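Here is a short report on packing and burial. Please keep the sequence and the 3D view open while reading.

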Amino acid sequence: MNPEKDFAPLTPNIVRALNDKLYEKRKVAALEIEKLVREFVAQNNTVQIKHVIQTLSQEFALSQHPHSRKGGLIGLAACSIALGKDSGLYLKELIEPVLTCFNDADSRLRYYACEALYNIVKVARGAVLPHFNVLFDGLSKLAADPDPNVKSGSELLDRLLKDIVTESNKFDLVGFIPLLRERIYSNNQYARQFIISWILVLESVPDINLLDYLPEILDGLFQILGDNGKEIRKMCEVVLGEFLKEIKKNPSSVKFAEMANILVIHCQTTDDLIQLTAMCWMREFIQLAGRVMLPYSSGILTAVLPCLAYDDRKKSIKEVANVCNQSLMKLVTPEDDEPDEPKPVVQKQAEPNPDDSLAKPEGAASGGPDGACDSSFSSSISVFTPASTERAPVTLHLDGIVQVLSCHLSNMAIGMMTRIAVLKWLYHLYIKTPRKMFRHTDSLFPTLLQTLSDESDEVILKDLEVLAEIASSPAGQMDDPGPLDGPDLRVSHSELQVPTPGRAGLLKTPGTKGLECSPSTPTMNSYFYKFMINLLKRFSSERKLLEVRGGFIIRQLCLLLNAENIFHSMADILLREEDLKFASTMVHTLNTILLTSTELFQLRNQLKDLKTPESQNLFCCLYRSWCHNPVTTVSLCFLTQNYRHAYDLIQKFGDLEVTVDFLTEVDKLVQLIECPIFTYLRLQLLDVKNNPYLIKALYGLLMLLPQSSAFQLLSHRLQCVPNPELLQTGDGVKAAPKSQKADSPSIDYAELLQHFERVQKKHLEVRHQRSGRGDHLDRRVVL
């Protein structure tokens, strides 16, 4: 500093003392400055006051010499003390040079700057509030200062400033929020602690409504909640807890929509505390805001569904997520199925995509529904509040929801409970909003079929419930299911009948009655036949699925849908099946289910007595497909009490190629005859006179079998038949057998027998072709 320079009105002694390296001498100079400024105040000499402050600021506080800067700081503090209540007139000139020294490399100088600013603020009190942002900005930096003395000084200043804010009603919250939003993303733990402490203070002031600006800082709060410091995390928990209490007290003033996507993001974090807290908030939001949250359903489901598969290590998160899921599902009502007006192309392009907003926090501030960042869509959704919601009902858009559900269902890495929840959601949507959901059925159908291969029985059960609802819902009759796959899928429903002229249709045709039924009425719609075809295709391509789960799947479908329709349609489809080996296997599976499953009790009773045209029609349809497997065809005749035709079929077995597989099936049929399902057949053996062909058919099976356990079993059974000499069937038998259906004019048994021969001839040709190619193992019995 130039000693010859004029610093008037500061005397040379004051200037010299201000530049001294000793604190005591600088303090003496400060007292002289205080005395001088008091005189100027008494004289109302504002020009000299400004000149003194400017000199201390420019020539000392901002000097290159460290001792001069220290002198300038203590001099500015002395000026403030001297000015007293009038210091508010000069606060800008007093504060700015002090704040500049906050960035000084010398820690001692930063400490003196804190001390100076403390004295300035202490004198000015509420007058410093217009300068709060610059003070807060400077303090937030000192909160992370490495020097403990500087940090201690900044804490004293911080407490003073908090007291001033608390006791004042002139705090500019609107002007402060942008700075708070910026500083809240600091990674320094001390800066975070500083921020949290200020939010706690502002939240405690009755005249300051920080809840209105919560969307601005909520994301930052959740990030601070993940801090490594236990104390900071605890403080942040307290802050978030206070905000949540306030939200519960005043839900009408909460901007739920603006915070929904922020919660969606943090519900997906790997930090357990953040995830649990965000999930608890989400639960409260759904319960408090209700349908306001519906536009954000896809984002919420993206966050919630994976949590449902958590193990006991994250039990708390799982339980809260389950409540969120159930609460959100209850918000969807039948009223949401009101037909939508045609959507313009622009709106469809702006349909929310959950993946767009869940990647970064910036997307959370957009407030777009379902976590979308698309500005065109966001602009079409107003900020929802309970007041505005009453005037404008929320519209449920299913595109994003279905996309999320389909994505989770097709991801095989997703846990079982999540997949079950997805299927429950799909079922719920098909029940509540069937017309909207059927627009998405074509895209969902392949995924639902793929899910039938799931390892969990419970998942398959839920999947079958959804598929059954699709196949039976009256809403499915309103939409064209679209082009079907392959030539077989182009068969019209009118062809679902016995291919004999003059026969009635096999399947119940959907009509007005079906439309009047509830969604769960087991009537056939346009998706039923498509479902049956695709199910059989899946069995054909996945033989293990057919072997392990085929019976289970078909039995459950018979409970969920009309069993007669299922067997009708499958038999009709198998009649056109080109893979004869699969057709034979599938017919054997269906026959086993028909004969043994309790679910098919009513259908079996219907087939036992072919008294109605419908039952005769059903028998003919099944018979033609059952011809793919000779033994199952005989068992069907046994079930329907067509014993004479069964005997005629067995006579044809002499022309067939007898293989090990064939004899194994005959063995199984013998075992089946001994089961409770054929009790009526065994009792009919007592009536030899009226059932000669039953006994002849059983003897025919006996003659087919080698000397085996099955042979012994059937032989012992036939030995119990009374009066075997009455088995003659000559002209002496006058009474027509009661159980025979051969005389029925509605069934052409001769034509059915010819059909059996044609089908078996095809099977023989295919086996010979495979044998010629070397890809078929000849399993004929060597006698």
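Which residues have the most contacts inside the largest nonpolar core? They are Leu 221, Trp 281 and Phe 638, in a core of 246 residues. The model is a predicted one. Helix α14 supplies the largest share of this core, with ten residues.

**Around Leu 221**

Setting aside neighbours within four places in sequence, Leu 221 touches Ile 184, Ile 196, Ile 199 and Leu 214. Its other contacts on that basis are Cys 236, Val 239, Leu 240 and Phe 243.

**Helices α11 and α14**

Helix α11 spans residues 214-224, and helix α14 spans residues 272-289. Their axes come within 11 Å and cross at roughly 150°. An angle over 145 degrees counts as roughly antiparallel, so α11 and α14 are roughly antiparallel to each other. From α11, the contact uses Leu 214, Leu 218 and Phe 222. From α14, it uses Ile 274, Thr 277, Ala 278 and Trp 281. Six of these residues are nonpolar, one is polar and none is charged. Trp 281 therefore appears twice here: in the contact with α11 and among the residues with the most contacts inside the largest nonpolar core.

**An enclosed helix**

Why is helix α15 described as largely enclosed by the rest of the structure? Helix α15 covers residues 297-304, and eight of its eight residues are buried. The buried residues are Ser 297, Ser 298, Gly 299, Ile 300, Leu 301, Thr 302, Ala 303 and Val 304.

**Burial of single residues**

Three side chains show how burial is assigned.

| Residue | Relative accessible area | Class |
|---|---|---|
| Cys 637 | 0% | buried |
| Glu 34 | 16% | buried |
| Cys 720 | 55% | exposed |

Glu 34 lies in helix α2, residues 23-42. Buried means under 20% relative accessible area, so Glu 34, at 16%, falls in that class. Leaving out neighbours within four places in sequence, Glu 34 is in contact with Ala 78, Ile 81 and Ala 82.

**Cysteines**

How many disulfides does the count give? The count is zero. A disulfide is a covalent bond between the sulfur atoms of two cysteines. The cut-off for a pair of cysteine sulfur atoms is 2.5 Å. For Cys 637, the closest cysteine sulfur is in Cys 627, at 8.5 Å, which is too far for a bond. Cys 637 is buried, at 0% relative accessibility, whereas Cys 720 is exposed, at 55%.

Conventions
Residues are numbered from 1 along each chain as its sequence is written. This is a predicted model: local features need pLDDT of at least 70, side-chain atom pairs count only at pLDDT 80 or more; totals for chains, interfaces and linings use all residues. Side-chain values use heavy atoms; hydrogens and water are left out. Buried means under 20% relative accessible area, exposed over 50%, partly exposed in between (1.4 Å probe, protein chains only). Helices (H or I, at least four residues) and strands (E, at least two) are DSSP runs, numbered from the N terminus. Axes are lines fitted to C-alpha atoms, for helices over the stretch in contact, and angles run from 0 to 180 degrees between N-to-C directions. Angles under 35 degrees count as roughly parallel, over 145 as roughly antiparallel, 65 to 115 as roughly perpendicular and the rest as oblique. Contact means heavy atoms within 4.5 Å. Ala, Val, Leu, Ile, Met, Phe, Trp, Tyr, Cys and Pro count as nonpolar, Asp, Glu, Lys and Arg as charged, and the others, Gly among them, as polar. A nonpolar core is a set of buried Ala, Val, Leu, Ile, Met, Phe, Trp, Tyr and Cys residues joined through side-chain atoms within 4.5 Å.
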